[in-house]
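Trainee: Please take one part of this model and examine it closely. I should like a connected account of how its elements are arranged and what packs against them.

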Amino acid sequence: MTGKLTNVVVAGLGGQGVLKASDILADVAVRAGFDVKKSEIKGMSQRGGSVSSDVRFGDAVFSPMVSPGEADFLLVLEPTQVEPHRHYLKPGGVLITPDAVNPEKLANKKSLNVALLGALSAHLPLPEAEWLAALREGFRPEFFEHNQQAFLSGRNGQKTGK
Amino acid sequence: MPSPKRQLLSGDEAIALAARDAGVALGTGYPGTPSTEILERFSELGGHGQWSPNEKVALEVALGAAFAGARAIVTMKHVGLNVAADPLFTVAYTGVSGGLVVISADDPGMASSQNEQDNRRYAVAAGVPMLEPADSQEAYDFVFAAFEISERWKLPVILRATTRVCHSYTIVQPRSPGGAAKPPHFERDIRGRVMIPAYARPAHKRLRQKLAEIQEWNETSSMNRVVKGGKQFGIITSGISFMHAREAAPKASMLKLGFTYPLPMKKIAKFAKGVDRCVVIEEGDPYLVDAIRAAGIAVEGKAEMYRFGELDVPRVRRILDHDVSAEPAKPPGKPPQLCDGCQYRLVFDSLRKRDCIVAGDIGCYTLGVLQPFEALDSCVCMGASLGVGLGLRHVLPPEQARRVVSVIGDSTFVHSGISGLVEMVYNPPPDGHVLIILDNATTAMTGHQEHPGTGRKLDHEPTNKLVIEDLVRSLGVKRVHVVEPRVGVNDFDRVLGECLASRELCVIIARRPCLLIVKRLRELEACECDTKEVK
C-alpha cells in the first residue's frame, strides 16, 4: 500500500440516508484531490434492513472495501446498528453515533446524517468549503440551509467536545 | 476541446456513460441487482434505453439492432443470462454486423440473488469473448474495447462485472465522445443468419476459427497487464479480486487479466515461469485455475471454502497463507422485511391462516418467507411459482393439493409467468389451481422500474399497457378476481377462500400500488393530465 489511507464505514438502516452520507463524504474527498473508492451493498437491504457503505481515500486506493479492524472511523446513524458494525473499527478508531449531535439543534430530523458528517468532518483533513460545496450540490437547493446548519452544528459540537 | 471532467462513478454508471460516449444506438435489459442502474443511467444521459419483458427478449432486440449494423448493449444480472442463454449460444454462430455487448452482472455472495453462479462459464460454453473490469475506469474503457472486438470479429462480447464492480464508486476519466456511429443499414446474409443445420455447421467452424484468432490477438492485448514485483511470488487474477490482492500482497508480481476468454495462455505460462510461487486469486468458481492447469501450467489455487461468497482483503491474505481455519462469523445485522403497511402483509396473513402450500417467486414478496409470516414454501427462479404449484397440485393427495397456491408479482408474471399460466390452462390439475398475482404496479425490489403492465416505459413516459386481467381471461380462465387488499377489509381473504373451495382454475389479482411509488404515480398522472389538456 502506498501512502496513508483513511477508512470510514457509514452504517444504519435502509431509508436513513446512509448512502447519501457516504456519497457526500466521497465527493468531498474527490474535491480535495484524493484517490477515492466507495462501496456499498444495495438490493435486499432497501427494505428497512441493515445498510452500510465504505469510503476510503488517500494517495492510491485498491480494494473498495474496508476490512474488519481497519476502519479509522465508524459513523452509525442508528444505535442498534453499532454492535453489528463495531468489528470494523480499528483499535483506537473513532465511533460516531447519534449522541454526537444534540437533536434539539437540528431544524429537520432528517438531517441527522448530515449532522453526523459534520461531527466526522472535525477529524478529517478535508476543507470546510469543499464540504459545503458538496452539500450544496448533493441535495435539492431548498435543503441547503438546513443541511448547512446541521453540518456546522455537528462539526462545532465535536470540536468543543459538545 | 477540453477533455471531460474526472468523475466518481459506480461501475454501472461508468458502463452507461461509456455506452453513451461509444454511440450505442439501443440499450435493452430487464432490471436485476446489481445491473439495474446501467440502463437507467444510460437513459438519463440521453441514450435510447428500454426495459424488455425479460432478458431473452432484451437480447433478441439488441441482436436485431446489431444485425442492422448498430451498436447495442443488453444488461442483466447473472441469472438473467440463463433466460437469455438460448439466443446467446446461437448468436455466437450468426455473429453480428454492428457491435453487441452483453453485460452480465454477477452477484458472488448473493447480496440480492437466489444463487451465486459464475457466468464466466457462459463465455466458454457459448464461445463468446469475455472482458472483466476491476473498477469503474476499466468498466468504462472495456465497453469501448468490447465494441472494438465485437466489430472486428463480428461476434457478441460478454462484459462480466460483479456486485463490487457495479456498486463501488471509483474515479473515471472519460474520453471525448467518439465520432458519429455508422447509420444502420440492412444487408441480407441468409447463410450467415439463418441457422438451419446446413448453415449452422459451417457457422460453428467459423466461430472456432474466430476464437483461435482472438486468442492469439489476446496474447498482446493491453487488457492483460503485468504489475512488476518480486520474483519469489506471483499472483494471477482478474476483476475485483485484483484490487483485494494488490492490497493483501503489495510486493507480489501480478498478472492482471482483463480479457479472460479466450485466455492468453502463452502470456500466463511466461508469467508463471518467471516467479517461484504462482497463485491464482479469483472469486467464485475455479475458472482461471482449472483452465491454466489444463494447459499444463503449475499454479496454486484456493481452498474450497473460498469458493463461497465474495473475496475481500482478509480472505485473500488467508488464501495466500493457506489458512483454512474457520472464518470469524459476521455479527447479524437487521434483515430486510416487508414495509409496514405493505399490502402483501395482508396476503401472507391470509395464506398463513389458511395453511396454504405456497409456491413463491422472485421479488419483494419473497420476504413473505421471513417472520412473522413464514408463508412461502418455494422460491427458485423467475416464474417458477406457476410450474412448481401446478406440479404439486398434480401429484399431492387431494387434501394437500387443494391448499396449493402460486404467488407471483406483476413484473415477474410478465417476465416469465405467462408461459406458466398457459400451462395451467393447458394441463389443469384435477382440483384446479389458484394463482395470486401481486400487482403493485412496479418492479419494486430492484428499485421501482416500469414494466409492460405499468403502461410506462423506462423513462416513465406513457406507452401501451398490458392489462393483466384481460390477458388472463383471453387464455380461457373463467374465475378472474381483481381485489384491493386493504387493512380492515377482508375482501382478499374472502375471495381466496372462495377460490380455494371452487376447485377450478382461478386467478386473483391483488392490486394496489407499492406505497413507495404512490407519490411518483400521482406526479406522473398529474403530468399526463396536463399534456392531454394541451392537446
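Mentor: Two strands count as paired if DSSP finds at least two bridges between them; strands (E, at least two residues) and helices (H or I, at least four) are DSSP runs numbered from the N terminus. This is a predicted model, in which local features need pLDDT of at least 70, side-chain atom pairs count only at pLDDT 80 or more, and totals for chains, interfaces and linings use all residues. Residues are numbered from 1 along each chain as its sequence is written, while chains are lettered from A and ligands numbered from 1 in the order in which they are written.

The part I have chosen is in chain B, where five strands with parallel pairing make up an open sheet, ordered β14-β15-β16-β18-β17. Its edges are β14 (357-359) and β17 (479-483) of chain B, each of which pairs on one side only. On average, neighbouring strands are turned by 20° against each other, direction ignored; axes here are lines fitted to C-alpha atoms, and angles between N-to-C directions run from 0 to 180 degrees.

At the β14 edge, β14(B) pairs in the parallel sense with β15(B) (residues 404-409) over three bridges. Within this region, V358(B) has V405(B) of β15(B) as its bridge partner.

Two helices complete the picture. Helix α15(B) (residues 343-353) packs on the sheet and touches β14, β15, β16 (433-439) and β18 (505-511) of chain B, contact requiring C-beta atoms, placed from the backbone, within 7 Å. The direction of α15(B) makes about 160° with that of β16(B). Helix α16(B) (residues 384-395) lies across β14, β15 and β16 of chain B and runs at about 175° to β15(B).
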